[in-house]
Amino acid sequence: MLKSDWKRHFGLRDAGVYYALILLMVILGVVTFLVGRPSYFSATNITNILYQSSMIAMMGVAMTVILITGNFDLSVGSVAALGAAVSVGLAGPLGFPAAALVALLCCASVGIMNGTIVQLVGINAFIVTLGSLTAIRGLVLILTNGRSLIVSTPEAKAQMVVFEGGKVPIQMFLIVVGIAFIVWFGIKLMRARASGTEYGPSVPGGIIGGAVLLVIALVAGPELSVAKPVIYTGLFTLIVWLVLSFTTTGRRVYAVGGNAVAARLSGVNVGAYKMAGFIVSSSAAGFAGIMFGARLGAVNPTALQGAELTVIASAILGGTSLFGGAGSVVKTLVGALLLFTLTNGFNILNLGANYQGLIEGTVVIAAAAIYTVGGKAKKKATA
C-alpha cells in the first residue's frame, strides 16, 4: 500500500505539474544560454516571474477552493476590475486604506450575490457567474464613465506605494521554510511507513514543495528579493493550504464537492460551505484588483479582461477537478508559475505574441488530457 501510494503521489498525474515546471525552466535556461540571451536563471528574471504571476496565482488559489466545492466562478476578472476601479476611484477622497476596504467589501458582496442565486434559486453556477462577468464589467464601465481613472492625490499615491511597492529579501526565509517542509513531512512519511498506515497527498506535496523552495533560493542567490504582492500571495496560499490540508473545515470542503448528499447526511451545512467558496473567490479577486490598481495608480475600463481564463487555466494545470472534490492550491500556484514562465520565455527568446496563445492553450489541453487519462487508469486499477 505504501509503495503504491508513493508511486501514485509522485507519479505523472499527481506531480506532473511540478515536473513540467522544472523541465520548462531547464529547457529555457539551456536555450537562452545557447542563443546568447540574458540568463534565464538570474535573480531579476525569477523575481519578475513571481511578481507577474502573483495576482493571477492569488485568484487561482481561491478558484481552486470554489472548484473543490463543486461550483464555478467565471466572474473573477470582472470582480478584480471592480476592486481596482473602486479602490482607485475612492483613494483620493477617502485615502487608500479606506478605499481598499470599501472595494474589498463590494467584491465580497458579489460573491454573496452569486452564492445566493446559485444556492437558493438553483441556477447553475456557470450561468450565474457568466452573467455576473458581463454585469460587473458593465458596472466598471459605469464607475469609470468609460475612461481611465488616475489617482492624483500625492498622499494616496504614497499609500499605494507602501502597500504594493518595494521588495523584501526572501532567500533565507525560503531556505528555512524549505528545510522545515522537508524535515516535517519527511518525519510524517517515515512514521507512516513504520506504522504501515496510508499517508495523504500533503506529505509528498510538502516534500516536493520544500525541495522546490530550496532550489529556487539556492539558484537565485542572496540577491533574491520579491515584491510585496508575492508575499501577499504566498501567505494567502499558505493559509488556504493549511486550512484545506489539516483542519475539519478543509475536510468538509472536499466532502461537499465530492459527495454533497453524503456530506449533508453527515451533518455538514453544504449550502454554507458552497456559499463560502463564492465569497472567498470574489474577495480574493477583489484583493488582486486592489493590488493591480495600486501597482499602476490607475485603472481603465477594460482592465483584467479575460483574466478569468488564465485563472481557470492555472487551476486546471494544477489538476483541480472541474467536477468538485479534488484539487490542490499548491499545484494551482505552480500552474500559474508555469503559464507565466512560458510567457517570460517567449519574451526572452523574442518569439513574439503570435505563438503564445497557441502554445499556452495546447499546454492546458495536454495537462487536462494527462489528468483525465490518469484518472481513468486509476479507476480501472481500483475496479
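Two residues are in contact when their heavy atoms lie within 4.5 Å. In this predicted model, Ala 313 touches Leu 339 and Val 364, residues up to four places away in sequence being left out. The report starts from this residue and its helix, after a short overview.

## Overview

The protein has 383 residues, of which 49% count as buried. Its secondary structure consists of 16 helices and 4 strands. Among the contacts with a separation of 6 or more, 80% are made by residues 24 or more positions apart.

## Helix H14

Ala 313 is placed in helix H14. With 11% relative accessibility, Ala 313 is buried, because buried means under 20%. Ala 313 also has a partner from a remote part of the sequence: Gly 60 is 253 residues away along the chain, and the two C-alpha atoms are 8.5 Å apart.

Helix H14 as a whole is mostly covered, with 9 of its 11 residues buried. Among these buried residues are Ala 307, Val 311, Ile 312, Ser 314 and Leu 317.

Glu 308 belongs to helix H14 too. How far away is the nearest side chain of opposite charge to Glu 308? That side chain is Arg 137, at 5.5 Å, and Glu 308 is buried with no salt bridge. A salt bridge needs a side-chain nitrogen of Lys or Arg within 4 Å of a carboxyl oxygen of Asp or Glu, which is why a pair at 5.5 Å does not count. Not counting residues up to four places away in sequence, Glu 308 touches Leu 74, Val 76, Gly 77, Ser 78 and Leu 133.

After helix H14 comes Gly 319, with a positive phi near 85°.

## Positive phi outside glycine

Most residues other than glycine have a negative phi. Two residues can be set beside that rule. Asn 145, which is not a glycine, has a positive phi of about 60°. Asn 145 sits in the loop between helix H6 (125–144) and strand E1 (149–150). Its relative accessible area is 53%, so Asn 145 is exposed.

Leu 304, again a residue other than glycine, has a positive phi near 65°. Leu 304 is located in the loop between strand E4 (298–299) and helix H14 (307–317). Is Leu 304 buried or exposed? Leu 304 counts as buried, at 13% relative accessibility.

## The salt bridge

The structure holds 1 salt bridge. Glu 164 and Arg 295 form it, and their closest N and O atoms are 3.1 Å apart. The pair links distant parts of the chain, with Glu 164 in helix H7 (residues 154–164) and Arg 295 in helix H13 (residues 270–296), 131 residues apart. Glu 164 is buried, at a relative accessible area of 6%. Arg 295 is partly exposed, at a relative accessible area of 25%.

## Helices H8 and H10

Two packed helices are described by the angle between their axes and the distance between the axes. For helix H8 (residues 171–195) and helix H10 (residues 228–246), the axes come within 16 Å and cross at roughly 5°. Helix H8 is therefore roughly parallel to helix H10, as angles under 35 degrees count as roughly parallel.

Which residues of the two helices meet? Phe 181, Phe 185 and Lys 188 in H8 meet Leu 238, Trp 241 and Phe 246 in H10. Sorted by class, this contact has 5 nonpolar residues, no polar residues and 1 charged residue.

## Pairs far apart in sequence

The table lists residue pairs by their separation along the chain and by the distance between their C-alpha atoms.

| Pair | Separation in sequence | C-alpha distance |
|---|---|---|
| Ala 313 and Gly 60 | 253 residues | 8.5 Å |
| Ala 108 and Val 280 | 172 residues | 7.6 Å |
| Ala 255 and Thr 69 | 186 residues | 7.9 Å |

Ala 108 is part of helix H5 (residues 96–121). Ala 108 counts as buried, with 15% relative accessibility.

Ala 255 is found in helix H11 (residues 248–258). At 32% relative accessibility, Ala 255 is partly exposed. Apart from neighbours within four places in sequence, Ala 255 is in contact with Ala 260 and Ala 263.

Definitions and conventions: Residues numbered from 1 in each chain as written. Predicted model: local features only at pLDDT ≥ 70, side-chain atom pairs only at ≥ 80, totals over all residues. Heavy atoms only, no water. Axes fitted to C-alpha atoms, helices over the stretch in contact; angles between N-to-C directions. Parallel < 35°, antiparallel > 145°, perpendicular 65-115°, else oblique. Nonpolar A, V, L, I, M, F, W, Y, C, P; charged D, E, K, R; others polar. Buried < 20%, exposed > 50% of the residue type's maximum accessible area, 1.4 Å probe, protein only. Lys, Arg positive; Asp, Glu negative; His and termini not counted.
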